[in-house]
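I opened this entry to record what I looked up, one item at a time. The structure comes first, then my notes.

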Amino acid sequence: DSANYLVDSSGAQLMMYGDEIIGVELPASVELDVAETEPGIQGDRVSGAKKPATLSTGLVVQVPLFINPGERIKVDTRSGEFISRA
């Protein structure tokens with residue numbers, strides 16, 4: 001799952017045993033671009049309402065209705081949840 005949080009120029013620490021990678025330590029959050037999501041419906045004001053968004057890495061996360069394709073968002077790498085706009 002760690003690959004879904006990595007993009008060019010992002011950092012991660014690799015844990016190795018000999019020549020073999022045995023783990024990956026990611027930063028607490030990463031900034032990713034929203035590649036695809038449905039537009040928010042005008043007038044839909046349900047508090048805390050969410051919709052799925054596919055990010056540039058292929059990861060799908062639940063985001064608030066106001067997020068649109070092309071926006072950059074922060075995602076928690078531990079839980080895979082939306083944090084905020086970047």
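**Glutamate in a loop**

I started with glutamate 71, which sits in the loop between β5 and β6 (72-76). The model is a predicted one. Is glutamate 71 buried or exposed? I find it buried, because its relative accessibility is 17% and the cut-off for buried is under 20%.

Next I looked for what the side chain of glutamate 71 reaches. It comes to 2.8 Å from the backbone nitrogen of asparagine 68. It also makes a polar contact with the side chain of arginine 85, at 2.8 Å. I then listed the residues that glutamate 71 touches, leaving out those up to four places away in sequence. They are Leu32, Asp33, Val34, Phe66 and Arg85.

**The sheet**

I traced the strand order next. Five strands form an open sheet, in the order β5-β4-β3-β6-β7, and the pairing is antiparallel. β5 (60-64) and β7 (82-85) are the edge strands, each with pairing on one side only. From one strand to the next I note an average twist of 50 degrees.

I took a closer look at β4 and β5. Strand β4 covers residues 50-55, and five bridges join it to β5 in an antiparallel run. Across this pair, valine 60 in β5 is opposite threonine 54. The two strands make a hairpin with four residues between them. In the turn, glycine 58 has a positive phi of about 100 degrees.

**Proline in an edge strand**

Proline 64 caught my eye, since I found it in strand β5. It counts as buried because its relative accessibility is 11%. I checked its contacts, not counting residues up to four places away in sequence: proline 64 touches Ala49, Lys50, Lys51 and Phe82. I also noted the C-alpha separation of proline 64 and alanine 53, which is 9.4 Å for a pair 11 residues apart along the chain.

**The core**

Which residues have the most contacts inside the largest nonpolar core? I list Leu55, Val61, Val63, Ile73 and Val75, in a core of 13 residues. At least two residues of this core come from each of β3 (29-37), β4, β5 and β6. β3 gives the largest share, three residues.

I followed valine 75 outward, leaving aside neighbours within four places in sequence. Its contacts include Tyr5, Ala28, Leu32, Leu55, Val61 and Ile83.

**Charged pairs**

I count four salt bridges. Glutamate 31 pairs with arginine 72, with the closest N and O atoms 3.3 Å apart. Glutamate 31 is in strand β3 and arginine 72 in strand β6, so this pair ties together parts 41 residues apart in sequence. Arginine 72 also meets aspartate 33 in a salt bridge of 2.9 Å, N to O. Aspartate 33 belongs to strand β3 and arginine 72 to strand β6, so here the parts tied together are 39 residues apart in sequence. I therefore logged Glu31, Asp33 and Arg72 as one salt-bridge network.

I checked accessibility for the three residues. Glutamate 31 is partly exposed, at 36% relative accessible area. Arginine 72 is partly exposed too, at 36%. Aspartate 33 counts as partly exposed at 31%.

My last check was aspartate 76, which forms a salt bridge with arginine 78 at 3.3 Å between the closest N and O atoms. Aspartate 76 counts as buried at 14% relative accessibility, whereas arginine 78 counts as exposed at 67%.

Notes
Residues are numbered from 1 along each chain as its sequence is written. This is a predicted model: local features need pLDDT of at least 70, side-chain atom pairs count only at pLDDT 80 or more; totals for chains, interfaces and linings use all residues. Side-chain values use heavy atoms; hydrogens and water are left out. Two strands pair if DSSP finds at least two bridges between them. Axes are lines fitted to C-alpha atoms, for helices over the stretch in contact, and angles run from 0 to 180 degrees between N-to-C directions. Buried means under 20% relative accessible area, exposed over 50%, partly exposed in between (1.4 Å probe, protein chains only). A polar contact is a pair of N or O atoms within 3.5 Å; within protein, one must be able to donate a hydrogen and the other to accept it, and residues adjacent in sequence count only if both atoms are side-chain atoms. Contact means heavy atoms within 4.5 Å. A nonpolar core is a set of buried Ala, Val, Leu, Ile, Met, Phe, Trp, Tyr and Cys residues joined through side-chain atoms within 4.5 Å. A salt bridge is a side-chain nitrogen of Lys or Arg within 4 Å of a carboxyl oxygen of Asp or Glu.
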